[in-house]
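Reader: I would like to go through this model term by term. Please justify each label as we go.

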Amino acid sequence: MLEIRNLTKVYRTAEVETQALAGVSFDVAAGEFVAIMGPSGCGKSSLLNILGFLDTPCGGSYRLLDQDVAALSDAALARLRGEHVGFVFQSFNLVDDLTVAENVEVSLLYRKGAAARRGRVMEVLEQTGMAHRADHRPQQLSGGQQQRVAIARALASDPDIILADEPTGNLDSANGEAVLELLKAASRSG
């Protein structure tokens, strides 16, 4: 499903050059649950941003679903991202002007009719323990609750791949374990 070969990423400023990725290679098959671990600043977020088409590598190759990502236009990348990739950002990236349900529904806007979207939104909010907060705004939630909404948004479109940057970072141990079980279940059903 995902093939990475010799991926490199270098960030440059006038004063310094930082190598975030140096020849990273790996494969991920459909249904696999993979964790990328390492100390702060080792390139985990850079790698996830490249895998989610939010950034581009300096070198190497990336294939997703047998497609060479470098050969795709911006429109094709957007379509591939929208149809196959779910994100859980470290900073949540929830829209303050939208309710919890609307934040989750954003990931479905181009894929399902309104009634189907609402049903799926409530389903994933139930799974993440956030259905009772569906009409709240993100700023009315704790950090852990915002994290669970971000996870619900990623799960809503039933993507082929979920990229999660520290998905349990703001959760207590019980909720962290529940979230990991949801992500594992999503990988088994995909």
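**Strands, helices and a salt bridge**

Author: Start with isoleucine 4, whose bridge partner in S3 is tyrosine 62. Keep in mind that this is a predicted model.

Reader: What is the bridge partner of isoleucine 4 in S2?

Author: The partner there is phenylalanine 26. Isoleucine 4 thus has a partner in S3, tyrosine 62, and another in S2, phenylalanine 26.

Reader: How do you know that S1 and S3 pair?

Author: Pairing takes at least two bridges between two strands. Strand S1 (residues 2-12) and strand S3 (residues 59-64) are joined by five bridges. The criterion is met, so they count as paired. They run antiparallel. Glutamate 3 gives an example, with arginine 63 as its bridge partner in S3.

Reader: How many bridges join S1 to S2, and how do the strands run?

Author: Nine bridges join them, and the strands run antiparallel. S1 and S2 form a hairpin, with four residues between them.

Reader: What makes S3 and S4 a pair?

Author: They have two bridges. The cut-off is at least two, so S3 and S4 qualify. Their pairing is antiparallel. Leucine 64 stands opposite glutamine 67 in S4. This hairpin has two residues between the strands, and leucine 65 takes a positive phi near 55 degrees.

Reader: In what order do the four strands form the open sheet?

Author: The order is S2-S1-S3-S4, with antiparallel pairing. Strand S2 (17-28) and strand S4 (67-68) are the edge strands, as each pairs on one side only.

Reader: What makes arginine 5 and aspartate 27 a salt bridge?

Author: Their side chains meet at 2.8 Å, N to O. The limit is within 4 Å, so the pair counts as a salt bridge. Arginine 5 lies in strand S1 and aspartate 27 in strand S2, so the contact ties together parts that are 22 residues apart in sequence. The structure holds seven salt bridges.

Reader: Now the helices. Why are H4 and H5 called oblique?

Author: Helix H4 (residues 114-127) and helix H5 (residues 143-156) pack at an angle of about 135 degrees. Roughly perpendicular covers 65 to 115, and roughly antiparallel needs over 145. The angle fits neither class, so H4 and H5 are oblique to each other. Their axes are 9 Å apart. H4 passes H5 in a right-handed crossing.

Reader: Which residues make the contact?

Author: H4 supplies Arg120, Val124, Leu125 and Gln127, while H5 supplies Ala152, Leu155 and Ala156. These residues divide into five nonpolar, one polar and one charged.

Notes:
Residues are numbered from 1 along each chain as its sequence is written. This is a predicted model: local features need pLDDT of at least 70, side-chain atom pairs count only at pLDDT 80 or more; totals for chains, interfaces and linings use all residues. Side-chain values use heavy atoms; hydrogens and water are left out. Axes are lines fitted to C-alpha atoms, for helices over the stretch in contact, and angles run from 0 to 180 degrees between N-to-C directions. Angles under 35 degrees count as roughly parallel, over 145 as roughly antiparallel, 65 to 115 as roughly perpendicular and the rest as oblique. A crossing is left-handed if the near helix is turned anticlockwise from the far one by less than a right angle, and right-handed if clockwise. Contact means heavy atoms within 4.5 Å. Ala, Val, Leu, Ile, Met, Phe, Trp, Tyr, Cys and Pro count as nonpolar, Asp, Glu, Lys and Arg as charged, and the others, Gly among them, as polar.
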